[in-house]
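Colleague: Thanks for sitting down with me over this one. Could you walk me through it?

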Amino acid sequence: MIINDYIEKKLIDKSINLFPILGIKELAWHYNDVFEILDKLNENGATIYGGDVIKKTDVDKFSYTYDSWLYNGINPKDSYNIARDYIATYCKKNGTNYYFILVVK
């Protein structure tokens, strides 16, 4: 995964590996951790092209909310601000029991 190029293992370890759960080769971070991940991505100049929102429905069970955001630009700082704003606004409206998949390059 490309996100591994931008953040250290201790932050990867905070993620949920979705392959055994949803069959997709992605990682997701809980609301409590995702801002730390976004900050690290920003520090390393990564562009965040968007993300998906998933919700934990039971022990080790997750489902897509079908909510997401998309960034079509090339400015890493803008992509960071959009991601932070989307996640903060989403959780303010819906609560914090959500996980976020980040699309990074």
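Modeller: Happy to; below we take a helix, some strands, the salt bridges and one loop residue in turn, bearing in mind that this is a predicted model.

Colleague: Let's start with α4. What distance should its 19 residues span?

Modeller: Helix α4 covers residues 76–94, and the reckoning uses 1.5 Å a residue. The end C-alpha atoms give a separation that agrees with the expected span, which is 27 Å.

Colleague: Within what arc do the buried residues of α4 fall, seen down its axis?

Modeller: The buried residues are Ser79, Tyr80, Ala83, Ile87, Tyr90 and Cys91. They line one face of the helix, because seen down the axis they fall within an arc of 110 degrees.

Colleague: And which residues are exposed on the other side of α4?

Modeller: The buried residues of α4 have cover that includes α3, β3, β4 and β5. On the other side of the helix, the exposed residues are Asp85, Lys92 and Lys93.

Colleague: Which residue caps the N-terminal end of α4?

Modeller: Look for a side-chain oxygen that lies 2.8 Å from the backbone nitrogen of Lys77. The residue that supplies this oxygen is Asn75.

Colleague: Now the strands. Which residue in β5 is the bridge partner of Trp29?

Modeller: Trp29 belongs to strand β2, where Leu27 and Trp29 point one way and Ala28 and His30 the other, and all are buried. Strands β2 and β5 run antiparallel and are joined by two bridges. The partner of Trp29 in β5 is Phe100.

Colleague: On to charges. How many residues apart in sequence are the parts that Lys40 and Glu8 tie together?

Modeller: The side chains of Lys40 and Glu8 meet in a salt bridge, at 3.8 Å from N to O. Lys40 lies in helix α3 and Glu8 in the segment before α1, so the parts they tie together are separated in sequence by 32 residues.

Colleague: How far apart are the closest N and O atoms of Glu36 and Lys14?

Modeller: Lys14 also forms a salt bridge with Asp33, with the closest N and O atoms 4.0 Å apart. Glu36 is in helix α3 and Lys14 in the loop between α1 and β1. For Glu36 and Lys14, the closest N and O atoms lie apart by 2.7 Å.

Colleague: Last one: is Thr47 buried or exposed?

Modeller: Thr47 sits in the loop between α3 and β3. Beyond its neighbours within four places in sequence, Thr47 has contacts that include Tyr71, Pro76, Ser79 and Val104. Its relative accessible area is 6%, and with the cut-off for burial at under 20%, Thr47 is buried.

Note on methods:
Residues numbered from 1 in each chain as written. Predicted model: local features only at pLDDT ≥ 70, side-chain atom pairs only at ≥ 80, totals over all residues. Heavy atoms only, no water. Helix = DSSP H or I, 4+ residues; strand = E, 2+ residues; numbered from the N terminus. Buried < 20%, exposed > 50% of the residue type's maximum accessible area, 1.4 Å probe, protein only. Contact = heavy atoms within 4.5 Å. Expected span 1.5 Å × (residues − 1). Arc of directions from axis to C-beta. Polar contact = N/O pair within 3.5 Å; in protein donor to acceptor, adjacent residues only side chain to side chain. Pairing = 2+ DSSP bridges.
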